[in-house]
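User: I'd like to learn how to read helix packing, burial and cysteine pairs in a model. Can you walk me through it?

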Amino acid sequence: MAHALRIAARGLYTTDPNPRVGCVIVSSNDIIGEGWHMRTGEAHAEVTALARAGTGARGATAYVTLEPCCHHGRTPPCTDALISAGVARVVVGMEDPNPQVAGKGIKALEAAGISVTYGVLAAQAAGLNPGFVRRMQTGRPYIRSKLAMSLDGRTAMASGESQWITGAHARDDVQHLRARASAVLSGIGTVLADDPSLNVRLVDTEVLQPLRVILDSRLQLPPTAKLLGLPGNTLVLTGSEDAERRAALVKAGAEVVTVELDGDRLDLDQVMQILGERAINELHVEAGPVLNGALLQAGLVDELVIYVAPHLMGDAARGLFSLPGLEKMDQRINLSISDIRAVGEDWRITAMVK
């Protein structure tokens with residue numbers, strides 16, 4: 001199963017919106033076939049592994065990181081393929097949270113006389129697909145927010161200057177975070193200040209460009225923004241009905257969708273509902289302190305990835321989050337740090353929001 005999880009990770013950047021899945025066929029303690037889901041619409045992991053195992057799959061054991069599907073989608077059910085191949089046993093990492101499967105795949109295999117064991121390295125299997133699991137369970141994406149700060153917790157000088165806080169290795173590392181995401185989200189303030197690309201720039205790596213999502217309550221995004229001229233799609237979510245500005249953005253290549261306002265800001269719960277309906281699994285956030293703070297206070301952030309640079313920027317510089325109303329110790333937002341490691345001269349802290 002550990003090997004199946006390793007090969008499933010080869011689809012980290014290409015399977016979206018499908019989950020990353022690996023399969024290993026074992027006979028007499030030898031691996032006779034293996035496969036992983038490479039991209040949406042192509043063969044699932046089980047089908048590839050069975051094809052490589054050939055007739056040797058009869059009587060063998062299949063190790064699959066995610067419960068085999070039992071419904072017709074873009075491809076036939078994997079349960080049918082396993083049954084037809086004559087495997088004797090299937091070991092499953094985790095049950096599929098997709099309501100169309102959700103234990104039905106396991107029951108179909110057992111009904112065909114195949115022995116099934118499930119829950120093997122289930123936590124690791126779920127960790128490979130946090131966005132798929134979150135969307136199937138709640139209808140919204142898994143939200144990972146990337147931030148960069150100095151050792152004294154500052155993200156920009158008082159003037160707004162912020163390039164570059166971290167070094168080249170950290171910035172390259174961020175490209176891999178973007179690459180695994182279904183969408184990259186930012187606020188209009190960050191876009192107006194930095195004119196970012198918000199795309200993936202990885203050399204010699206096959207990547208699906210994530211959807212770029214801009215929260216722009218008053219439609220301030222200029223049609224000349226750099227991100228509108230790049231490959232990939234851009235979605236602008238707004239509370240404005242300004243027909244002229246909307247038409248200019250559409251002409252520049254953006255899709256513009258109206259969202260309800262919560263005061264003078266977009267309703268973040270509706271934003272996440274819209275993205276969930278568009279099959280956004282992992283949402284990568286690169287934004288300023290106001291949007292990051294609002295997402296945190298709304299209870300929407302699942303994971304923080306914070307790059308810490310070994311320098312000080314002073315108390316006049318801008319902070320990491322805008323969190324108005326936090327005045328007492330019992331109002332703190334608690335985190336659980338899951339990983340700390342050096343990335344070049346910087347440190348990367350990964351923390352889960354409790």
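User: How near do the axes of H2 and H3 come, and at what angle do they cross?

Analyst: Some ground rules to begin with. This is a predicted model, where local features need pLDDT of at least 70 and side-chain atom pairs count only at pLDDT 80 or more, while totals for chains, interfaces and linings use all residues. Residues are numbered from 1 along each chain as its sequence is written, and side-chain values use heavy atoms, leaving out hydrogens and water. Helices (H or I, at least four residues) and strands (E, at least two) are DSSP runs, numbered from the N terminus. Now the general idea: two packed helices are described by the angle between their axes and the distance between the axes. Axes are lines fitted to C-alpha atoms, for helices over the stretch in contact, with angles from 0 to 180 degrees between N-to-C directions. Here, the axes of H2 and H3 come within 9 Å and cross at roughly 20 degrees. That makes the two helices roughly parallel, a label for angles under 35 degrees (over 145 is roughly antiparallel, 65 to 115 roughly perpendicular, the rest oblique).

User: Which residues make that contact?

Analyst: Contact means heavy atoms within 4.5 Å. H2 brings Glu-46, Val-47 and Leu-50, and H3 brings Cys-78, Ala-81, Leu-82 and Ala-85. By class, that contact has six nonpolar, no polar and one charged residues. Ala, Val, Leu, Ile, Met, Phe, Trp, Tyr, Cys and Pro count as nonpolar, Asp, Glu, Lys and Arg as charged, and the others, Gly among them, as polar.

User: And how do H3 and H4 pack?

Analyst: H3 and H4 (residues 104-111) pack at an angle of about 20 degrees, with axes 10 Å apart, and are therefore roughly parallel. The handedness of this crossing is right-handed, while H2 passes H3 in a left-handed one. A crossing is left-handed if the near helix is turned anticlockwise from the far one by less than a right angle, and right-handed if clockwise. Thr-79, Leu-82 and Ile-83 in H3 meet Gly-105, Ala-108 and Leu-109 in H4. Those contact residues divide into four nonpolar, two polar and no charged.

User: Which residues of H2 are buried, and what covers them?

Analyst: Buried means under 20% relative accessible area, exposed over 50%, partly exposed in between (1.4 Å probe, protein chains only). In H2 (residues 45-53), the buried ones are Ala-45, Glu-46, Thr-48, Ala-49, Leu-50 and Ala-53. Their cover includes strands E1 (22-27), E2 (30-36) and E3 (61-66), plus helix H3 (78-85). Right after H2 comes Gly-54, with a positive phi near 65 degrees.

User: Is Arg-135 buried or exposed?

Analyst: Arg-135 is buried, at 15% relative accessible area. This residue is found in H6 (residues 130-138). Not counting residues up to four places away in sequence, Arg-135 touches Pro-17, Arg-140, Gly-276, Ala-279, Ile-280 and Asn-281. Lys-146, in strand E6 (residues 142-150), also counts as buried, at 16% relative accessibility.

User: How many disulfides are there?

Analyst: A disulfide is a pair of cysteine sulfur atoms within 2.5 Å. A search of the whole structure finds zero. Cys-23 has its nearest cysteine sulfur, that of Cys-78, 8.5 Å away.

User: Why does Cys-69 have no bond to Cys-78?

Analyst: Because the sulfur of Cys-69 is 3.7 Å from that of Cys-78, its closest cysteine sulfur, which is too far for a bond. Cys-69 is buried at 9% relative accessible area, and Cys-23 counts as buried at 0%.
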